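Please consult the sequence and the three-dimensional view below. The paragraphs that follow lead through selected parts of the structure.

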Amino acid sequence: MKQLSLLFLIFLSVSFGYAQDFTVDNYSVDITLHEAGYFDVVETYDLNFTLPKHGIYRDIQTTYDLFTEEGKQEVRKIKISKVEVPNHNFKTPFGFEQRLSRTYQIKIGDADKTIVGPQRYEIRYRVHNAFLHETDGVKFYWNLKPSDWRTTFKTIEFKIHFSKSIAVDSNDVFLYSGVKGTTTESEQIDVLVADGLVEGKSRPGFDSDMGESVTILINLPPSSIVEIKPFWPFWTDYGWVFVLIAIVGGFYMTWRRYGKDDEVISITSYFPPDKMDPAMAGFLINDSDDVSDLISLIPYWGSKGLLRIEEIPKKGWFSSADTKLIALKPLSEAATSYEKIIFDGLFGSTITPGENRSSYQ
């Protein structure tokens, strides 16, 4: 008994999780076939929301697996453009996203607003690369009614317009309704064929639930619709690969120019031999007693803790910064004679340990 109750609860949760939040009281679709090789679609939905919702999604299948008249399997990719949803906010995927996805999703509604009760939605879009061109003619094959909505369509009517110069009679039109993949012609929808028009309307008692579709096939005369062939067929199927390569290449070039760390250049450092000050080393290198050789003694003495170097900030607009040398302790007795001459010339000859004297440069 407990197991039965548990199964019942699971059934209820699944049922309510997939329960419809709106009904489709009326649905109509108006399609205009253009001899230039595309067609325009206008779908009108009269919905009744039973629970507060933000809006609806309209998913249009854009990738089809089909067999050519030679029996060869191929993948057909159609393109959607010129989407409009008057009086409603909507979002559509950008071009690159459309190429990668098998469906084209139109998001209709407002994330900050909920609706309830009767609502009308009109969705307009253009379809490219959907006609099937064969030797015996051109085939227009299209799902008139979406099959993925978790609700019931109570009525459906459609109109398909084309040029009156295109000869089509009732033997060229086939309509299917029911479970997806049905090959038996529909007995729930009346179809009328006239000059330049194929129209149909569902009979009383018609219901089309989730997973059921309404599909039409119209055989058109050869050359009645222009076959649009891409200038470079490879680009149509695999052009997105080149887009990816371009994006990755752009990131790589930007990284090489701006993001790559600078190359580390090794710097050669020279050190005098042991027990030789830099002034003597400079003299021995070029055999000349330059001023720079003598000045090198100042940082040398600083490294030995004999003096400290301080910078005096400039004062006023026209002054310049100055440098102060502070003697911390006297030279050792082992210092060379020229060291003592320069050191005593800077600080005097009577510095005692612990005494500080200054010299300005």
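In this predicted model, Ser 208 touches Lys 145, Thr 151, Thr 152, Phe 153 and Ser 213, leaving aside residues up to four places away in sequence. One of these neighbours, Lys 145, also makes a polar contact with Ser 208, side chain to side chain, at 2.9 Å. Ser 208 itself belongs to the loop between β15 (197-202) and β16 (212-220). Is this residue buried or exposed? Its relative accessible area is 3%, and the limit for a buried residue is under 20%, so Ser 208 counts as buried.

The strand β16 leads to a sheet. Four strands form an open sheet in the order β10-β11-β16-β13, and their pairing is antiparallel. The edges are held by β10 (132-134) and β13 (173-179), each of which pairs on one side only. From one strand to the next, the twist averages 20°. At one edge, β10 is joined to β11 (residues 137-145) by 3 bridges in the antiparallel sense. Within this region, His 133 stands opposite Val 138 of β11.

A further element to consider is the helix α4, which spans residues 278-286. Which of its residues are buried? They are Ala 279, Ala 281 and Gly 282. Viewed down the axis of α4, the buried residues fall within an arc of 165°, and therefore they line one face of the helix. The background is a matter of helical geometry: an α-helix has 3.6 residues a turn, so residues three or four places apart point the same way. The buried residues of α4 are covered by elements including α5 (291-295), α6 (297-303) and α7 (337-347).

Terms used:
Residues numbered from 1 in each chain as written. Predicted model: local features only at pLDDT ≥ 70, side-chain atom pairs only at ≥ 80, totals over all residues. Heavy atoms only, no water. Pairing = 2+ DSSP bridges. Helix = DSSP H or I, 4+ residues; strand = E, 2+ residues; numbered from the N terminus. Axes fitted to C-alpha atoms, helices over the stretch in contact; angles between N-to-C directions. Buried < 20%, exposed > 50% of the residue type's maximum accessible area, 1.4 Å probe, protein only. Arc of directions from axis to C-beta. Contact = heavy atoms within 4.5 Å. Polar contact = N/O pair within 3.5 Å; in protein donor to acceptor, adjacent residues only side chain to side chain.
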